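User: I'd like to go through the empty spaces in this protein and one of its residues. Can you take me through it step by step?

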Amino acid sequence: MEWSTLQHLDLRHIGRGVRPLQPHAASFHPHQALVAVAIGTYIVEFDALTGSKISALDIGAPAVRMSYSPTSGHTVIAILQDCTIRSCDFDLEQTCVLHSPEKKTEQISSDAEVHMALTPLQPVVFFGFPKRMSVTVVGTVEGGRTPTKIKPDLKKPIVNLACHPRLPVLYVAYAEGLIRAYNIHTYAVHYTLQLDNTIKLIGAGAFAFHPTLEWIFVGDRKGTLLAWDVSTERPSMIGIKQVGSQPIKSVAFLPMLRLLVTLSKDGNLHVWETRVTVNPNRPATQANFFEPAAIESIDIPRILSQQGGEAVYPLPRIKALEFHPKLNLAALVFANVTSADTSKNKASYSKDGRKQLFTVLQSARGSSASVLKEKLSALGASGVLAEHQLQAQLQEHHLKGQSHLTVSDIARKAFLYSHFMEGHMRISPISRLPLITVLDTKHHLKDFPVCEPFHLELNFFNKANRVLHYPSRAFYMDGLNLMAHNLSSGSDTIYRKLYNSIPGNVEYRAKYLIHSKKQRLFLVVYEFSGATNEVVLYWENSDAQTGNSKSSTVKGRDAAFIGSNENQFAILDEDRTGLALYSLPGGASQEAKDNDQVLEENQPTDTNVGSIRGPTPFMFETEVDRIFSTPIDSTLMFASHGNQIGLVKLIQGYSLSTSTANGHYISTKSDGTKSIKLKSNEIVLQVHWQETLRGYVAGILTTQRVLIVSAALDLLAGTSTNFDKG
């Protein structure tokens with residue numbers, strides 16, 4: 001898995017001041033695909049999928065903290081730099097002050113640690129200012145609850161606040177790591193989350209809640225990540241991990257991917273998996289509850305330059321990463337580069353800076369990377385490479401398994417970097433907000449159910465009677481089971497268990513479900529840990545007397561049906577070049593009948609009803625990523641990611657077998673044959689065929705566009721990415 005940019009929200013025109021502004025805060029709607037962005041004194045609402053701006057409100061001062069209200073439609077509650085608390089209603093396009101400070105002159109900086117918590121159970125907001133010992137509660141609607149100060153029972157500075165997303169509980173985090181849970185109506189204490197004296201904490205920097213279990217994740221300012229189980233009367237700590245020495249600024253749980261993301265003050269991002277039981281025979285330990293997730297580390301220049309953006313030098317530091325509570329979507333907010341930094345950086349990119357650096361590097365020859373790092377940090381921003389760049393450098397080395405980063409490595413990087421920087425210094429605000437997602441590069445539709453979709457005929461609305469015959473049931477995959485969803489009753493039943501058992505240590509998931517209604521045959525592609533793939537063939541018997549339906553497995557990474565009767569199917573080998581063609585008995589087209597002898601020569605056939613003849617081997621000239629069913633006899637559609645979509649004829653004896661391949665050679669070169677060119681990084685996700693008066697047409701869905709093509713791959717229609725963002 002890796003981080004990838006979906007799009008950049010364009011904020012260059014907001015505020016139309018003399019100099020461009022940079023977004024400094026963002027917040028997602030609790031369940032819709034909407035994002036509010038704070039830039040200058042404005043809060044702007046965008047559609048997070050298309051990138052379209054919906055509305056913008058000038059609120060009079062920059063927002064420090066903001067969040068959508070979970071109790072009303074499109075209202076953002078924000079704490080501003082002038083210490084007022086405002087609600088911004090995007091539906092009515094108006095703002096109202098909920099609370100203003102006693103002293104009108106009070107100001108807080110954009111980085112001040114103000115705390116704010118909203119509950120979905122009441123239209124109120126709890127907030128607190130830095131180093132205060134009280135919490136204030138005020139209504140989030142005009143004429144709502146008047147501001148009330150709550151004096152907690154502990155006389156300690158309050159460092160954070162959070163509300164439980166489902167229960168009437170307010171969590172107040174105090175200095176030294178103690179957290180109290182209060183009832184939001186009566187303020188009675190429910191319980192206290194506190195460690196024994198052996199582990200010293202500073203205070204919670206961030207909270208996150210599991211979407212279904214009663215787990216609370218707390219990121220401490222000491223760099224410690226904790227997990228608490230609060231489902232019982234006496235809450236227990238179930239996991240603890242030291243993430244680093246820097247305070248943890250934000251923690252988020254991604255429900256779609258079941259991953260936990262932590263962001264430290266220095267801009268370092270870590271992604272964790274939560275392991276409850278590694279071995280069912282031994283009790284789970286707190287130490288291995290958090291395991292680093294198998295995900296590439298975030299690459300800022302790549303994130304900034306994807307989807308038509310541009311990279312910025314020097315590398316910006318991540319200030320905040322805001323996640324959508326339900327979708328696989330996040331907004332990346334960068335720290336502002338101030339003019340003081342600019343002058344300091346300019347000095348370090350000059351010749352004097354390089355001279356200084358050279359002396360330090362000379363004196364540190366032969367010493368370890370940590371000693372060198374200390375000497376460099378004395379120069380400020382580690383000489384030439386910014387602190388987070390040096391961190392990234394060390395991390396990259398560590399991941400590659402090279403334990404020590406030598407002095408010459410850093411020297412070389414630093415010198416090259418400073419030479420480059422002298423000519424390319426670009427310190428300007430990043431006035432676009434990247435919306436990013438976690439992509440499984442091998443499986444883009446990982447978040448979608450593996451199912452068989454329904455499609456209306458293209459000419460449905462031109463028909464006289466317009467009667468739609470729905471199938472009686474819809475099929476989808478759930479783990480090892482092929483499930484049937486009855487469309488009239490809405491009930492779900494296990495249609496077939498495809499595997500009897502799979503060892504507990506093997507991770508697996510269904511990738512594709514291909515179903516032939518005409519042949520009553522299911523082909524289900526599974527992926528197992530260790531990157532092996534298998535296709536399960538499940539053939540329902542329509543003959544009542546033979547009773548038992550068979551299922552068997554074949555090694556392969558993709559499968560497709562061929563021909564208008566779907567009486568042949570192909571399976572793509574693990575190596576992406578080999579292809580095996582199988583034929584089903586009975587009702588075969590004439591062409592397939594002629595080929596039966598060839599198939600029978602390859603393998604003795606089974607005389608049962610369930611006899612499937614084959615395989616006949618074929619070989620693609622270059623690697624192919626996916627194959628798709630076609631209703632055209634002996635024709636298969638293939639797709640290579642970022643390259644092309646093509647059609648190939650699978651006819652035995654059609655082309656000579658090459659010396660390397662035992663079987664038939666399929667050319668993927670588009671000599672004379674029509675193919676559809678894909679854009680770089682474009683991946684074909686789904687293909688569905690329909691019969692029209694003009695013959696067969698295919699609807700093709702890729703990661704960038706939707707196409708309708710003819711059987712000869714002529715483009716009949718397509719979306720334009722310029723207008724249809726996302």
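**Cavities and a buried threonine**

Analyst: Sure! Keep in mind that this is a predicted model. Searching the whole structure turns up 2 cavities of 30 Å³ or more.

User: What makes a space a cavity?

Analyst: A 1.4 Å probe has to fit there but be unable to get out, so that's what the word "cavity" tells you. The largest cavity has a volume of about 40 Å³, and the second largest cavity holds about 30 Å³.

User: Which residues line the second largest cavity?

Analyst: Its lining is Gly 177, Ile 179, Leu 193, Leu 201, Val 218, Asp 220, Leu 226 and Trp 228. Strand S19 (215-220) and strand S20 (224-229) are the elements that give two or more residues to that lining.

User: How do you know how many charged residues are in that lining?

Analyst: Asp, Glu, Lys and Arg count as charged, so Asp 220 goes in that class. By class, the lining has 6 nonpolar, 1 polar and 1 charged residues.

User: And what about the lining of the largest cavity, by class?

Analyst: That one divides into 8 nonpolar, 2 polar and no charged. Among its residues are Trp 3, Phe 323, His 324 and Asn 328.

User: Now, why is Thr 630 called buried?

Analyst: Its relative accessible area is 3%, and buried means under 20%, so Thr 630 counts as buried. Thr 630 sits in the loop between strand S40 (626-628) and strand S41 (635-640).

User: What does Thr 630 touch?

Analyst: Leaving out residues up to four places away in sequence, its contacts include Phe 561, Ile 562, Leu 636, Met 637 and Trp 689.

Conventions: Residues are numbered from 1 along each chain as its sequence is written. This is a predicted model: local features need pLDDT of at least 70, side-chain atom pairs count only at pLDDT 80 or more; totals for chains, interfaces and linings use all residues. Side-chain values use heavy atoms; hydrogens and water are left out. On a 1 Å grid over the protein atoms alone, a cavity is a set of points where a 1.4 Å probe fits but cannot get out, and a pocket is an open set with protein on both sides within 12 Å along at least five of seven lines; lining residues have an atom within 4 Å of a point. Grid points are joined across faces, edges and corners, and a volume is the space filled by probe spheres set on the points. Helices (H or I, at least four residues) and strands (E, at least two) are DSSP runs, numbered from the N terminus. Buried means under 20% relative accessible area, exposed over 50%, partly exposed in between (1.4 Å probe, protein chains only). Contact means heavy atoms within 4.5 Å.
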